[in-house]
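Trainee: I've got a structure open and I'd like to learn how to read it. Can we go through it feature by feature?

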Amino acid sequence: MGTMLLFFMAMLGTFIGIIVLILMVFYIEDVYQETKYLASQFQHAEQKIEKVVPFMPTEQAPILKVRKKEYEEDYYVLFYQLTAQQSTQAEKYLQQHHAQMAPMPENYCIAPSIRHKWLLPRITRHYVAQPNDYLEDYQSFLVYESDQHLEEVEKFCRDDLFITTTLHLKQSSFKQAHVLLNIEQKILMVNYVKENHN
């Protein structure tokens, strides 16, 4: 009787172990696909930069990469630290595209985060609402790769006025790009808008 019970327990343990292993494989595959998708979207955004703002070399890396979700749209937002020369070029370029001085439009930028958590490899979720607040996941944003310059960007987002314009994109998975320049900080924000079909 004892041998049969041990055999049954061993079989049950093996079965549970196999189920856990299968679930872990599915989870790892899901994590891999999510990370791969996010990386591809940011890579596409960075490759488009010279078409959106021609003075910006493709090899210049953004100081921060953020993804936000708003209703039926995803925003892939790149922030660039400009040189004095690039800042002058950006100002002239935006003026050619009917730019105007305006406050930061609602939901374009990021609010200061009060906490964050590691989510996936190279991805952290930053929350702007208190724990247990209604829909707190919707009041958050993802940072892809480094968040080293997050405080500088939060300061940028709190500024009163920007030189800003909207560019409509053709032959791209992004439908438009909002471009904002802070002359004082010499930070350029390119906010790519993509329809969310999920």
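Mentor: Sure, let's begin with the sheet. Keep in mind that this is a predicted model. Strands of a sheet pair through backbone hydrogen bonds, either parallel or antiparallel. Here nine strands make an open sheet, ordered β3-β7-β8-β9-β2-β1-β6-β5-β4, and the pairing is antiparallel.

Trainee: Which strands stand at the edges?

Mentor: Those are β3 (100–102) and β4 (115–120). Each has a single partner strand, so one side of each is left without a neighbour in the sheet. From one strand to the next, the twist averages 30°.

Trainee: Let me zoom in on one pair. How many bridges join β2 to β9?

Mentor: Nine bridges join β2 (residues 73–81) to β9 (residues 187–195), and the two run antiparallel. You can pick out E73, which stands opposite E195 in β9.

Trainee: Now the helices. Which strands does α3 lie across?

Mentor: Helix α3 (residues 84–96) lies across β2, β7, β8 and β9, and runs at about 130° to β8. Then look at α4 (residues 150–157): the strands under it include β1, β5 and β6, and its angle to β2 is about 105°.

Trainee: How many helices and strands are there in the protein chain?

Mentor: Four helices and nine strands. Along the sequence they follow the pattern α-α-β-β-α-β-β-β-β-α-β-β-β. The chain's radius of gyration is 22 Å, well over the 16 Å that the globule rule gives for 198 residues, so the chain is more spread out than a compact globule. Its C-alpha trace spans about 85 × 35 × 30 Å along the principal axes.

Trainee: What about the surface? Which residues make the nonpolar patch?

Mentor: The patch is made by L5, F8, M9, L12, F15, I16, I19, V20, L23 and M24, and covers about 980 Å². One of those residues, F15, lies in helix α1 (residues 2–47).

Trainee: And charges? How many salt bridges does the structure hold?

Mentor: Five. In one of them, the side chains of K65 and E145 meet at 2.9 Å, N to O. This pair links distant parts of the chain, with K65 in strand β1 and E145 in the loop between β6 and α4, 80 residues apart.

Conventions:
Residues numbered from 1 in each chain as written. Predicted model: local features only at pLDDT ≥ 70, side-chain atom pairs only at ≥ 80, totals over all residues. Heavy atoms only, no water. Patch = residues over 30% accessible without salt bridge, like charges linked within 9 Å, V, L, I, M, F, W, Y side chains within 5 Å. Areas by Shrake-Rupley, 256 points an atom, 1.4 Å probe, with all protein chains shown as cover. Salt bridge = Lys/Arg side-chain N within 4 Å of Asp/Glu carboxyl O. Pairing = 2+ DSSP bridges. Axes fitted to C-alpha atoms, helices over the stretch in contact; angles between N-to-C directions. Contact = heavy atoms within 4.5 Å. Rg over C-alpha atoms; globule rule 2.2 N^0.38 Å.
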